[in-house]
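I went through this model residue by residue and kept short notes. The entries follow in the order of the lookups.

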Protein chains: 2
Amino acid sequence: MPEFQKINDKHELETGSILAPRFNQDGLITAIVQDEASNEILMLAHMNEEALQKTIETRQSHFWSRSRRELWHKGATSGNTQQVKEIRIDCDQDAVVLKVSVQGDASCHTGRRACFYRKIDQKNGDTILIIDED
Amino acid sequence: MPEFQKINDKHELETGSILAPRFNQDGLITAIVQDEASNEILMLAHMNEEALQKTIETRQSHFWSRSRRELWHKGATSGNTQQVKEIRIDCDQDAVVLKVSVQGDASCHTGRRACFYRKIDQKNGDTILIIDED
């Protein structure tokens, strides 16, 4: 598996054409998964080098499962695979956005379409969560 | 400043109405900032307890700057503050989405509207980045 490059120069890192992801101390970058049609944010996960490489190669979302400590081909067991239409990386190359089309419509392990199904709201001075699957 | 609650029960954490953010070993949760009108993902940042509390109270984005190690009121120096229209939290309460309206239109420190201005692409078998500010 080819290794990613490392770039120390800030200007090159931020404006260049070389992919040089900055994995953290645990070897991970953050991945935001967004529905390619609606732009809804579906979930947030983490990728190690292998997960990013596999996602680029196969165009299917792969993550690093921090709880199971293993490569995680999203949907391999549930059937809800994610076909990756576009991958974007941020200025300092420690986060990516995957624009995906979901096979079967669920991205959250609870069976919901997206993980962000609760709003933080305030009611009589208290901060509460309200389920809001719009 | 009121402290957030802690919930150990998985079902209550995932389906309940109590805000109990699961800060990591560094005391942080992940915050995704999304444009409330276009749903474009503008940036990704981190929040400690105080930043989340201030964001809820003031309805302006506050983060924890990991490089400067201080509370960061987004836009306080640049003028590009973010008015928070909605806050969502994910199933296991370790990530939030802020739906914002940006004062002045830039959210990236490079002056761009969003941090995710480069696509990961493949060209002649090589993986490269392409600037694509759509």
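Entry 1, Asn80(B). I looked up its accessibility in this predicted model: Asn80(B) counts as buried, because its relative accessibility is 15% and the cut-off for buried is under 20%. I placed Asn80(B) in the chain B loop that runs between β4 (70-73) and β5 (82-89). I then checked its polar partners and found the side chain of Asn80(B) 3.0 Å from the backbone oxygen of Gln103(B). Setting aside neighbours within four places in sequence, I listed the contacts of Asn80(B): Lys74(B), Gly75(B), Val102(B), Gln103(B), Gly104(B), Asp105(B) and Ala106(B).

Entry 2, Ala45(B). I found Ala45(B) in strand β2 of chain B, residues 41-47. Its relative accessibility is 4%, so I noted Ala45(B) as buried. Beyond four places in sequence, I recorded that Ala45(B) touches Ile29(B), Thr30(B), Ala31(B), Phe63(B) and Trp72(B). I also took the C-alpha separation of Ala45(B) and Val96(B), which is 10 Å for residues 51 apart along the chain.

Entry 3, cysteines. How many disulfides does the whole structure hold? I found 0 over all chains. I looked up two cysteines to see why. For Cys91(B), the closest cysteine sulfur is in Cys108(A), and at 3.8 Å it is too far for a bond. For Cys115(B), the closest cysteine sulfur is in Cys108(B), at 3.6 Å, again too far for a bond. The cut-off is within 2.5 Å. I noted Cys91(B) as buried at 5% relative accessibility, and Cys115(B) as buried at 8%.

Definitions and conventions:
Residues are numbered from 1 along each chain as its sequence is written. Chains are lettered from A and ligands numbered from 1 in the order in which they are written. This is a predicted model: local features need pLDDT of at least 70, side-chain atom pairs count only at pLDDT 80 or more; totals for chains, interfaces and linings use all residues. Side-chain values use heavy atoms; hydrogens and water are left out. Helices (H or I, at least four residues) and strands (E, at least two) are DSSP runs, numbered from the N terminus. Buried means under 20% relative accessible area, exposed over 50%, partly exposed in between (1.4 Å probe, protein chains only). Contact means heavy atoms within 4.5 Å. A polar contact is a pair of N or O atoms within 3.5 Å; within protein, one must be able to donate a hydrogen and the other to accept it, and residues adjacent in sequence count only if both atoms are side-chain atoms.
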